[in-house]
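Let's take a walk through this one, helix by helix and then chain by chain. Have the viewer open and follow along.

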There are 2 protein chains.
Amino acid sequence: MSRLDSFIRRLEAQRQCLGEAARLAADLPGIVLELGLGNGRTFDHLRTLCPDREIYVFDRQVAAHPDCIPAPDRLFLGDFDATLPAALQRLGRGRAALVHVDLGSGDAAASRALAAAIAPAVAELMASGAVLVSDQEMAASGLGPLPVPPGVERGRYFMAVRA
Amino acid sequence: MSRLDSFIRRLEAQRQCLGEAARLAADLPGIVLELGLGNGRTFDHLRTLCPDREIYVFDRQVAAHPDCIPAPDRLFLGDFDATLPAALQRLGRGRAALVHVDLGSGDAAASRALAAAIAPAVAELMASGAVLVSDQEMAASGLGPLPVPPGVERGRYFMAVRA
Ligand SMILES: C[S@@+](CC[C@H](N)C(=O)[O-])C[C@H]1O[C@@H](n2cnc3c(N)ncnc32)[C@H](O)[C@@H]1O
Ligand code: NI
Ligand code: NI
């Protein structure tokens, strides 16, 4: 499998998991959190999946396509270390119905460590029944793994639900 | 359609056109040219499609994944302005059986202008019957358009054949 094949599979896994998460959380009121804006492709996808939800975006910088830049009051700019506690304070606990975490740098060990470090704050931001979609496996008290949709290879993308 | 949807379609169009080009050129001896290494995804894909062909890569910089960096003697490093004439001199006319041109910057007008500027040199490098796959429509004397494979939306990716 070439890197082109593998990249297409990753993007399709991402899209299928986000779609499944939006369906699972459809009846749960709440906001959406996007951790990792990047070039804004999944932010844009979340906007189309959840047109009626407020979407808050976290990144240390804005490097997105001009069409995909969140409004300033929906953007937590800075390191997750600082912005997740700020979001807990400003938005409150248990407000999110859907969270997408896409950290994927080239460095697998660093991405895993970062996912582990932010998982407790992410779990606190989620409502009971809220769905987490992530490019890293994320474990925290109150989070239970969900199966990914059929067609998504195990280990390529991850889903979890808040108890 | 979100930018995620649109990006997946672009990559799938790219993959389908490259596969079709490799099939069409299967019986034509010659090298492969990749204009635009980027992060090396399509270079890697071309390696798997054409394992027995020499692949020459053109880019102004090497910013690819470490696994996808061409050997130094297969790399024309610099602006296409300078490297296409150098390749014509070093490799000779009509040596390529398959060429992939992937310029895609965010700036559509600049990409079109660049494609128009390099098309004549690209055509000169191609053997008769060689196939060109490109993210921009490319016209030059000796190049005729080919239909893209079924399933690829018209205008998303382009193919041409050298007379
Ligand atoms: C879209 S990227 C290629 C992506 C690549 N095909 C892949 O699949 O990973 C375009 C590349 O073209 C290169 N490029 C654009 N204009 C150029 C020029 N005038 N001379 C040399 N390289 C150029 C850029 O440096 C960039 O790496
Ligand atoms: Ni645009
Ligand atoms: Ni690697």
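Keep in mind as you look that this is a predicted model. Start where the two chains meet: the axes of H1(A) and helix H2 of chain B, residues 41-49, come within 7 Å and cross at roughly 120°. That angle makes H1(A) oblique to H2(B), since the oblique class takes whatever is left once angles under 35 degrees, over 145 and from 65 to 115 have been assigned. On the H1(A) side, the residues making the contact are A:Arg3, A:Leu4, A:Asp5 and A:Phe7, and they meet B:Arg41, B:Thr42, B:Asp44 and B:His45 of H2(B). Sort those residues by class and you get four charged, two polar and two nonpolar.

Now swing over to the other pairing between the chains. Here H2(A) packs against helix H1 of chain B, residues 3-24, at an angle of about 120°, and the axes are 7 Å apart. H2(A) and H1(B) are therefore oblique to each other. This time A:Arg41, A:Thr42, A:Asp44 and A:His45 come from H2(A), while H1(B) brings B:Arg3, B:Leu4, B:Asp5 and B:Phe7. The class tally for H2(A) with H1(B) reads four charged, two polar and two nonpolar residues.

If those two pairings feel like a repeat, look at how the chains are related. Rotate chain B by 180°, with 0.0 Å of shift along the axis, and it superposes on chain A with an RMSD of 0.0 Å. That is the relation of a two-fold axis. Both copies use the same surface, too: 100% of the contact residues of chain B recur in chain A. Want to find the axis from chain B? Go to B:Ile8, whose C-alpha, at 3.3 Å, comes closest to the rotation axis of the residues in that chain.

Zoom out to the whole interface. It brings 18 residues of chain B into contact with 18 residues of chain A. About 1800 Å² is buried between the chains, with carbon and sulfur atoms giving 66% of that area. Within chain B, the residues losing the most area to chain A are B:Arg3, B:Leu4 and B:Arg41, which together account for 37% of what that side buries.

Finally, stay inside chain A and see how its own helices pack. H1(A), residues 3-24, and H2(A), residues 41-49, have axes 11 Å apart and an angle of about 30° between them. That makes H1(A) roughly parallel to H2(A), and the crossing is right-handed. H1(A) supplies A:Phe7, A:Gln14, A:Arg15, A:Leu18, A:Gly19 and A:Ala22 to this contact, and H2(A) supplies A:Arg41, A:Thr42, A:His45, A:Leu46 and A:Leu49. By class, the contact of H1(A) with H2(A) comes out at five nonpolar, four polar and two charged residues.

Methods
Residues numbered from 1 in each chain as written. Chains lettered and ligands numbered in written order. Predicted model: local features only at pLDDT ≥ 70, side-chain atom pairs only at ≥ 80, totals over all residues. Heavy atoms only, no water. Axes fitted to C-alpha atoms, helices over the stretch in contact; angles between N-to-C directions. Helix = DSSP H or I, 4+ residues; strand = E, 2+ residues; numbered from the N terminus. Left-handed = near helix turned anticlockwise from the far one by under 90°. Contact = heavy atoms within 4.5 Å. Nonpolar A, V, L, I, M, F, W, Y, C, P; charged D, E, K, R; others polar. Least-squares fit on C-alpha atoms with pLDDT ≥ 70 in both. Buried area = accessible area lost by both parts, 1.4 Å probe.
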